[in-house]
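Trainee: I would like to go through this model and check each label against its criterion.
Mentor: Then look at the structure before we start.

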There are 2 protein chains.
Amino acid sequence: MQSEHSKVKALTFDVFGTVVDWYGSIVAEGEVFGNTHGIDIDWAQFALKWRSGYGPAMDRVRRGELPWQNIDALHRLILNSLLDEFEIVGLSETDKDHLNRVWHRLKPWPDAVSGLNRLRKQYIVATLSNGNVALLTNMAKFGGLPWDCILSAELTGHYKPDPEVYQTAASLLGLTPGEVMMVAAHPGDLRASQAVGFQTALVPRPLEYGPGGVQGVNAHPSDLVANDFNELADLLSVE
Amino acid sequence: MQSEHSKVKALTFDVFGTVVDWYGSIVAEGEVFGNTHGIDIDWAQFALKWRSGYGPAMDRVRRGELPWQNIDALHRLILNSLLDEFEIVGLSETDKDHLNRVWHRLKPWPDAVSGLNRLRKQYIVATLSNGNVALLTNMAKFGGLPWDCILSAELTGHYKPDPEVYQTAASLLGLTPGEVMMVAAHPGDLRASQAVGFQTALVPRPLEYGPGGVQGVNAHPSDLVANDFNELADLLSVE
């Protein structure tokens with residue numbers, strides 16, 4: 001296994017769902033927020049709808065219906081709709097901004113910090129997320145994620161899975177695409193990175209959409225498949 | 001002191017000379033490289049000339065005489081001239097590339113890692129260097145520099161002290177300029193950041209140009225002045 005991947009010098013990670021548990025984090029923080037603000041809603045539905053608004057919002061940017069804006073801004077657009085839909089009224093601007101920044105406070109999956117600390121002994125470990133730089137930087141401090149470098153779609157003016165995001169990431173790392181391995185729970189992200197020459201590792205996260213959620217797993221033959229980041233370190237022969 | 005700077009949420013650091021000792025690192029590695037490659041030159045002069053070519057090379061990019069290129073490329077342009085000037089012949093492309101990447105292997109000043117580890121307990125600590133992202137990332141791994149985020153002129157298409165570099169950095173951090181403090185050994189860098197609204201801290205590095213070097217120190221009244229990063233942490237009341 002090692003020989004096949006011996007060219008790899010950097011691992012770039014999808015973040016939402018792959019490194020951090022957005023569903024569990026938003027539900028847990030939402031319930032606390034609801035209790036202190038007198039809001040009695042189904043936070044699991046709220047989290048799932050917030051996340052499901054994300055792809056369509058990026059598509060609007062991609063089609064030019066919205067000018068370029070970062071994920072903080074898109075999350076806020078979606079949040080404004082959800083506040084209407086769930087009939088949540090009376091929040092101050094400070095409250096709304098705090099709630100929107102829950103995406104800066106998502107908790108790592110249990111293996112993420114230990115696995116990244118192993119992987120970074122041998123590789124550059126970087127984010128490669130549609131999340132904006134500030135979001136990813138704050139999240140790393142919040143969760144103790146030991147990134148060597150914060151790379152983001154925001155630096156490219158495109159959103160994944162546009163090829164520019166992966167190409168720019170390799171270029172900023174001073175590497176060829178074949179020297180970079182994309183790590184993600186989402187086959188579409190891996191396929192798009194593979195199309196520009198990245199190596200790929202699938203780390204399925206069956207709980208991404210909560211205990212009742214379903215996530216299809218469609219590994220390509222060329223992907224590494226690991227159940228968590230420590231298993232990925234094992235597959236890459238990292239101590 | 002704390003009240004005056006209580007708005008600050010992130011510290012952005014100049015790197016060459018402020019965080020790492022380019023002079024001492026290049027002289028030390030040059031001497032080893034010279035011994036193994038049969039090159040007998042004055043590496044102190046070599047290091048000083050390499051560095052002195054850096055400002056004029058950036059100016060050529062700034063004036064549009066050269067297309068945008070990152071510091072690795074500019075360092076290589078200058079190196080090619082120096083190899084001629086010092087009559088160094090017979091190096092392979094691999095040797096030249098290795099020598100050029102000495103800038104990825106510069107050693108932190110003795111206080112840098114411990115000071116940054118203190119400062120990052122309370123602030124986001126980020127590079128804000130003309131060095132490119134790959135250079136800064138590799139240097140951080142080499143020297144154990146605990147950055148929260150790698151920010152670079154390369155992300156902006158401008159070189160410091162152009163205002164776009166500082167403005168883009170604050171924007172990527174999701175902060176107003178007044179919430180960011182630029183830390184540098186070079187008053188020109190601080191003045192340029194101050195002009196767009198950054199707070200500033202001067203950390204003089206009297207040995208930047210070697211034991212015989214001279215560095216003028218011209219603090220503005222509004223700058224913090226600290227002799228090293230631990231003293232800066234003291235001034236900012238970080239434990």
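The turns below take the labels one by one.

Trainee: What should I know about the model and the numbering?
Mentor: This is a predicted model, in which local features need pLDDT of at least 70 and side-chain atom pairs count only at pLDDT 80 or more, while totals for chains, interfaces and linings use all residues. Residues are numbered from 1 along each chain as its sequence is written, and chains are lettered from A and ligands numbered from 1 in the order in which they are written.

Trainee: How do you know that the copies are related as by a two-fold rotation axis?
Mentor: Superposition is by least squares on the C-alpha atoms of residues with pLDDT of at least 70 in both copies. A turn of 180° and a shift of 0.0 Å along the axis lay chain A on chain B with an RMSD of 0.0 Å. The two copies are thus related as by a two-fold rotation axis.

Trainee: What makes a residue of chain A count as in contact with chain B?
Mentor: The C-beta atoms of the two residues, placed from the backbone, must lie within 7 Å. By that rule, 14 residues of chain A are in contact with 14 residues of chain B. H7(A) gives the most to this side of chain A, with 5 residues. The residues on this side of chain A divide into 9 nonpolar, 2 polar and 3 charged. Here nonpolar means Ala, Val, Leu, Ile, Met, Phe, Trp, Tyr, Cys and Pro, charged means Asp, Glu, Lys and Arg, and polar means the others, Gly among them.

Trainee: How do you know that the copies meet through the same surface?
Mentor: Of the interface residues of chain A, 100% are also interface residues in chain B, so the surface is the same.

Trainee: Why are S5 and S8 of chain A called edge strands?
Mentor: Strands (E, at least two residues) and helices (H or I, at least four) are DSSP runs, numbered from the N terminus. Two strands pair if DSSP finds at least two bridges between them. In chain A, 6 strands form an open parallel sheet in the order S5-S4-S1-S6-S7-S8. S5 and S8 of chain A each pair on one side only.

Trainee: How many bridges join S7(A) and S8(A)?
Mentor: S7(A) and S8(A) pair in the parallel sense over 2 bridges. That meets the requirement of at least two. One bridge partner in S8(A) is A:Leu224, set against A:Ala201.

Trainee: What makes a set of residues a nonpolar core?
Mentor: The members are buried Ala, Val, Leu, Ile, Met, Phe, Trp, Tyr and Cys residues joined through C-beta atoms within 7 Å. The largest core here has 139 residues, and A:Leu173, A:Leu232, B:Leu173 and B:Leu232 touch the most other members. Beyond four places in sequence, the contacts of A:Leu173 include A:Ile124, A:Val180 and B:Val133.

Trainee: Why is B:Glu87 called exposed?
Mentor: A residue is exposed if 12 or fewer other C-beta atoms lie within 10 Å of its own, buried if 20 or more do, and partly exposed in between, with C-beta atoms placed from the backbone. B:Glu87 has 8 C-beta neighbours inside 10 Å, so it counts as exposed. B:Ser237, with 12 other C-beta atoms within 10 Å, is exposed as well.

Trainee: What is the phi of each of these two residues?
Mentor: Phi is near 55° for B:Glu87 and about 60° for B:Ser237. Most residues other than glycine have a negative phi, and most peptide bonds are trans.

Trainee: Where is there a cis peptide bond in chain A?
Mentor: The bond from A:Lys160 to A:Pro161 is cis, with omega near 10°. A:Pro161 lies in the loop between S5 and helix H8 of chain A.
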